[in-house]
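Okay, thanks for making room on the agenda. Let me put the model up, and then I'll walk you through a few parts of it.

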Amino acid sequence: MALRVWVNGRPVGSLDRHGRGTTFAYDRGVDPRDAVSLTMPVRTASYDSAYDLLPVFDTNLPEGILRDTIQRTLAKAHGHADPLDILRLTGRNQIGRIRVLQEDEQPARQASIRNMAELLEKRATRAFVNEIVERYALRSGVSGAMPKVLVETDPHADADDSGHSRRTILTSDYILKFDAEDYPGLSLNEFYSLEAAREGGNVTADARLNADGRMLSVSRFDGTDGNRLGFEDLASLNAKTSAEKYSGSIETALFKHLAEFSGYRKKENLEALYRLCVTNIAIRNGDAHLKNFALLFDDADRGPFKFSPAYDLVTTTAWIRSDMMALTFQGTKRWPKPEAVLQLGARAGLSKPRARNVIAEVGAGLRTVMPAMLDAFEAHGRPAIGQAVANAWNEGLTMSLGVEAGTATKLRKPSAGGDAEEDRSPPEPSPFGT
Ligand SMILES: Nc1ncnc2c1ncn2[C@@H]1O[C@H](COP(=O)(O)OP(=O)(O)OP(=O)(O)O)[C@@H](O)[C@H]1O
Ligand SMILES: [Mg+2]
């Protein structure tokens, strides 16, 4: 049965199977501002894909273990499970303004947690993470390989004594991301990578760490419910699905395509992209693939099309020493030399002095944040990983940016059990309502 596609509160078209692929057709009279993708303007003829989903509908499909789990659950219940079946499940609550619903369904919002501050006081024990994932995973249309869910705070949870809710408290929406066993200290790594990026002049997603540094709560930047912004990542803008997120070059897949879809914000967007690329190179983020860059917009027809705040920044070489870039640059995925980093500025229309200035600011950001980063890893019992992050940043600063290194403290002897996995503390009471 066909699924109905909505943009905020407005139905815009139907999505259905089509051979081994999918077909999407706009309803009559849809406003061009409500196009589902910048690559799919409103028109009468349908849009078809020969295999799987059209890229824009693939954007928020879960990946990794979460996807496998959903697939298994669906296949068990219905005998089959393809990407459209997964979208049927997660498409009613996902990043951006598109909702995919059943024929007779209306978009609805379900508040899920009482308040974020309370949640962040908890330790992210295995039982706690399992509980959250069990409760929210199936209704979380958010992509990515790492375990994560979408949660919404309840605006009525902060009711005052008289029972009236405080109207000034707006609902907020978050992505909760958890440490993965293979990457101890992942949340700390991402938090301080974002801090360093912000200090280096990038606009970044707003993130907070929980009490034991094993969970990150990232505030959603795609607006609030009923008035969500269009969110389109560079995979979708390159007409690629998540399976192809590591293919392409920084020059074409990022700079050329961002320029093409940026309208009159081309200059600002390319400069922001350049700063972010310099940052990713400096922090040795080997996971800066096509789904980790995006545009935000309200009017798909005329814009403005704004480069999204930086998100999902991680020093991957802290664990995978030989990790390389996710996309090619000058024909290779090897980390570039300073001259090449400077040359990349030309793709953003920056003169060499201006590009040098960006490089200097990014470098200063990393050096400023390095001591706090090292302290935090130490405080959370993971000094060796903190040291590995600092070493990676210093390699990026000196070998790729050609600027001064930061002060990385000497590796102290890890205490017994330091940097070891597993939390064996007793379970805490559940922070959830019903
Ligand atoms: N602050 C945010 N607001 C809105 N959407 C976001 C935000 N941060 C991330 N996203 C969306 O959620 C997706 C998954 O988030 P993220 O990239 O942080 O997860 P991940 O599992 O670490 O991804 P990866 O597979 O790249 O490692 C992103 O691709 C993007 O679509
Ligand atoms: Mg990501």
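So, where in helix 11 does the kink lie? Helix 11 kinks by about 40 degrees at Met 370, shortly before the proline Pro 371. By bend I mean the angle between axes fitted to the seven residues ending at a residue and the seven starting there. Helices here are DSSP runs of H or I with at least four residues, strands are E runs of at least two, and both are numbered from the N terminus.

Quick housekeeping. This is a predicted model, so to speak of local features we need pLDDT of at least 70, and side-chain atom pairs count only at pLDDT 80 or more, while totals for chains, interfaces and linings use all residues. Residues are numbered from 1 along each chain as its sequence is written, and chains are lettered from A and ligands numbered from 1 in the order in which they are written.

How confident is the predictor? pLDDT is its confidence in each residue, from 0 to 100; the protein has a mean of 90, and 90% of its residues reach 70 or more. Two stretches to flag: residues 159–169 stay under 50, with nine contacts beyond four places in sequence, and residues 421–429 are also below 50, with 10 contacts beyond near neighbours in sequence. A contact means C-beta atoms, placed from the backbone, within 7 Å. Where pLDDT is low, the predicted coordinates should not be read in detail.

Back to helix 11, residues 352–379. Its 28 residues should span 40 Å at 1.5 Å a residue, and the end C-alpha atoms are 41 Å apart, which agrees. That expected span is 1.5 Å times one less than the number of residues. Its buried residues include Val 362, Leu 366, Met 370 and Phe 377. Buried means 20 or more other C-beta atoms within 10 Å of a residue's own; 12 or fewer is exposed, in between is partly exposed, and C-beta atoms are placed from the backbone. Those buried residues pack against helix 6, helix 9, helix 10 and helix 12. After the helix comes Gly 381, with a positive phi near 75 degrees.

Now, two of those partners. In helix 9, 13 of the 17 residues are buried, so the rest of the structure largely encloses it. Its ends are 24 Å apart, C-alpha to C-alpha, in agreement with the expected 24 Å. Helix 6 holds Glu 195, which counts as buried because it has 20 C-beta neighbours inside 10 Å. Glu 195 also brings us back to the kink: Met 370 is 175 residues away in sequence but 9.7 Å away in space, C-alpha to C-alpha.

Helix 6 also lies across strands 7, 8 and 9, at about 140 degrees to strand 8. For angles, axes are lines fitted to C-alpha atoms, for helices over the stretch in contact, and values run from 0 to 180 degrees between N-to-C directions. Those strands belong to an open, antiparallel sheet of four, ordered 6-7-9-8. Pairing needs at least two DSSP bridges between the strands. Strands 6 and 8 are the edges, each pairing on one side only, and the twist averages 25 degrees from one strand to the next.

Last stop, strand 13. It pairs antiparallel with strand 12 over four bridges, and three bridges join it to strand 14, also antiparallel. Which residue in strand 14 is the bridge partner of Phe 297? That's Phe 305. Both faces of strand 13 are covered, with Ala 294 and Leu 296 buried on one side and Leu 295 and Phe 297 on the other.

Note on methods:
pLDDT is the predictor's confidence in each residue, from 0 to 100.
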